[in-house]
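This report goes through a protein model, with attention to its sheet, its charged pairs and the confidence of the prediction. The sequence and coordinates come first.

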Amino acid sequence: MTHFNKSFGLTAITLTAVLSMTAGLALAGDNNISAGQIVDALKPKPATRGLSVGPQTDTTVQAKEATFLNTVRNRSTRSLSTGEREQIAELAATKPKIDLEIQFDYNSADIAKTSMASVQALGRALSDPALKGSTFVVAGHTDATGGEAYNQGLSERRADTIKKYLMQNYGLNGNDLVTVGYGETKLKDAANGADAMNRRVQVVNMDTKTAAK
């Protein structure tokens with residue numbers, strides 16, 4: 001009987017240790033992303049030119065993009081019109097970007113503790129010499145749960161929260177961070193509007209001058 005109890009005790013201890021190790025691995029890998037991964041995703045891609053497209057055309061396009069971006073710098077996120085939001089989305093479609101599953105407290109613009117590591121990795125990445133000085137769009141997205149107008153406002157507040165955190169904690173220039181909210185209008189998984197993957201922050205590197213040189 002004593003031998004059985006000892007054997008049972010050792011088995012229980014071993015099982016507990018295995019479960020603890022497994023839980024630790026799961027926690028460590030949950031939604032984590034490194035600054036290096038963000039840097040790689042946001043590095044400008046080499047410019048490609050067709051036979052009929054030359055440097056002058058590239059320069060003209062870049063000048064138009066820069067002019068538009070200058071009109072939305074330092075603008076209140078809520079002041080952007082629907083047309084301006086769509087123009088930002090159109091420009092961002094061809095730029096280096098990354099979706100970060102940054103979670104916020106329920107019904108709030110406060111960053112959830114579980115996502116703080118990802119926000120900090122973003123701060124380190126945007127401070128990296130390879131990216132520093134570029135203009136970035138920080139776009140907030142919600143899922144389709146709740147009213148459209150409410151989700152629009154919530155996405156704007158969340159984008160502003162990320163910008164404020166990056167400025168306060170990493171010294172990033174507010175001029176280089178353009179915030180925009182899209183609410184539930186650009187779902188990542190349109191077939192499952194309530195899916196958590198729709199609640200995200202997208203970061204886009206709008207500066208492609210390095211790639212065009």
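Is R200 buried or exposed? R200 is buried, since its relative accessible area is 7%, and buried here means under 20%. The residue belongs to strand β4. Leaving aside residues up to four places away in sequence, R200 touches D99, L100, A139, G140, H141, K186, L187 and K188. A polar atom of the R200 side chain lies 3.0 Å from the backbone oxygen of K186.

**Confidence**

The model is predicted. Mean pLDDT for the protein is 82, with 77% of residues reaching 70 or more. Two stretches fall under 50. Residues 6-30 stay under 50 in pLDDT, and the model gives them zero contacts beyond four places in sequence. Residues 209-213 are also below 50 in pLDDT, but this stretch has nine contacts in the model beyond near neighbours in sequence. Where pLDDT is low, the predicted coordinates should not be read in detail.

**Sheet**

Four strands form an open sheet in the order β1-β4-β2-β3, and the pairing is mixed. β1 and β3 are the edge strands; each has a single partner strand, so one side of each lacks a neighbour in the sheet. From one strand to the next the twist averages 20 degrees.

Strand β1 (residues 97-100) pairs with β4 (residues 200-205) in the antiparallel sense, over four bridges. Within this pairing, V204 of β4 is the bridge partner of K97, and Q202 of β4 is the bridge partner of D99. In a regular strand the side chains alternate between the two faces of the sheet. β1 shows such alternation: I98 and L100 point to one face and are buried, whereas K97 and D99 point to the other and are not buried.

**Helices against the sheet**

Helix α2 (35-42) lies across β1, β2 and β4, and runs at about 140 degrees to β1. In helix α5 (residues 116-126), the residues S118, V119, A121, L122, G123, A125 and L126 are buried. The elements that cover these buried residues of α5 include α2, β1, β2 (136-141), α6 (148-170), β3 (177-181) and β4.

**Charged pairs**

Side chains of opposite charge can pair when their charged atoms come close. The structure holds seven salt bridges, and the table lists three of them.

| Salt bridge | N to O distance |
|---|---|
| D40 and K43 | 3.8 Å |
| K95 and E65 | 2.8 Å |
| R75 and E84 | 2.9 Å |

What does the pair of K95 and E65 tie together? K95 is in the loop between α4 (82-92) and β1, while E65 is in helix α3 (residues 55-72), so the pair links parts that are 30 residues apart in sequence. K95 counts as buried at 8% relative accessibility, and E65 counts as buried at 13%.

In the pair of R75 and E84, R75 is partly exposed at 27% relative accessibility, whereas E84 is buried with a relative accessible area of 18%. Salt bridges with shared partners also join D99, K188 and R200 into one network. Among the residues of the remaining pair in the table, K43 is partly exposed, with a relative accessible area of 37%.

The network returns to the residue of the opening question: R200 is part of it, lies in β4 and is buried. Its partner in contact D99 sits on β1, on the face whose side chains are not buried.

Definitions and conventions. Residues are numbered from 1 along each chain as its sequence is written. This is a predicted model: local features need pLDDT of at least 70, side-chain atom pairs count only at pLDDT 80 or more; totals for chains, interfaces and linings use all residues. Side-chain values use heavy atoms; hydrogens and water are left out. Buried means under 20% relative accessible area, exposed over 50%, partly exposed in between (1.4 Å probe, protein chains only). Helices (H or I, at least four residues) and strands (E, at least two) are DSSP runs, numbered from the N terminus. Two strands pair if DSSP finds at least two bridges between them. pLDDT is the predictor's confidence in each residue, from 0 to 100. Contact means heavy atoms within 4.5 Å. A salt bridge is a side-chain nitrogen of Lys or Arg within 4 Å of a carboxyl oxygen of Asp or Glu. A polar contact is a pair of N or O atoms within 3.5 Å; within protein, one must be able to donate a hydrogen and the other to accept it, and residues adjacent in sequence count only if both atoms are side-chain atoms. Axes are lines fitted to C-alpha atoms, for helices over the stretch in contact, and angles run from 0 to 180 degrees between N-to-C directions.
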